[in-house]
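Student: I have a fold open on my screen and I'd like to learn how to read its sheets. Can you walk me through it?

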Amino acid sequence: MNTAAVLSLDSVLVQREGNIASDMDGEKVMLNVKNGKYYNLGEVGGEIWEALASPVSIRRIAEIMQEIFEVPAELAQQDVFDFVQNLLNEDLVAIVNGP
């Protein structure tokens, strides 16, 4: 999938294999085995990453973040959108055709 893919709330994504994630002081950090890069996903990013363990829509991830962090739907959707776009740009997640 190219990184120019257009995401929508109904886009379904999943973690790519080859990433090792662990918790450090309440934040999720990750090593991408393929490119050797470390990523600090933070607390919110860690929750989003966990949600991506199996194929899930951006809309559903935003709903989960809204429940966990008690933020308005619009804010949750924008934050999830931005974060997932970054994951996609780094080739850490893949777009799948359906749930």
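Tutor: Let's go through the strands and how they pair. Keep in mind that this is a predicted model.

Student: Okay, how do I decide that two strands belong together?

Tutor: Two strands pair if DSSP finds at least two bridges between them. Here, β1 (residues 12-15) and β6 pair over four bridges, in the antiparallel sense. To see one such bridge, find V12: its partner in β6 is V96.

Student: What is the strand order in the open sheet that holds β1?

Tutor: The order is β5-β1-β6, three strands with antiparallel pairing. At the edges you'll find β5 (56-57) and β6 (93-96), each pairing on one side only.

Student: Which helix lies across β1 and β6?

Tutor: That's α3, residues 73-89. Its direction runs at about 105° to β6.

Student: What about the sheet with β3 in it, what is its order?

Tutor: That one is also an open sheet of three strands, β2-β3-β4, and its pairing is antiparallel.

Student: Why is one side of β2 and of β4 left without a neighbour in the sheet?

Tutor: Because β2 (19-24) and β4 (38-41) stand at the edges, and each has a single partner strand. As for twist, neighbouring strands in this sheet are turned by 25° against each other on average, ignoring direction.

Student: How many bridges join β3 and β4?

Tutor: Three, with β3 (residues 27-32) and β4 pairing in the antiparallel sense. For a spot to zoom in on, try V29, which stands opposite N40 in β4.

Definitions and conventions: Residues are numbered from 1 along each chain as its sequence is written. This is a predicted model: local features need pLDDT of at least 70, side-chain atom pairs count only at pLDDT 80 or more; totals for chains, interfaces and linings use all residues. Side-chain values use heavy atoms; hydrogens and water are left out. Helices (H or I, at least four residues) and strands (E, at least two) are DSSP runs, numbered from the N terminus. Contact means heavy atoms within 4.5 Å. Axes are lines fitted to C-alpha atoms, for helices over the stretch in contact, and angles run from 0 to 180 degrees between N-to-C directions.
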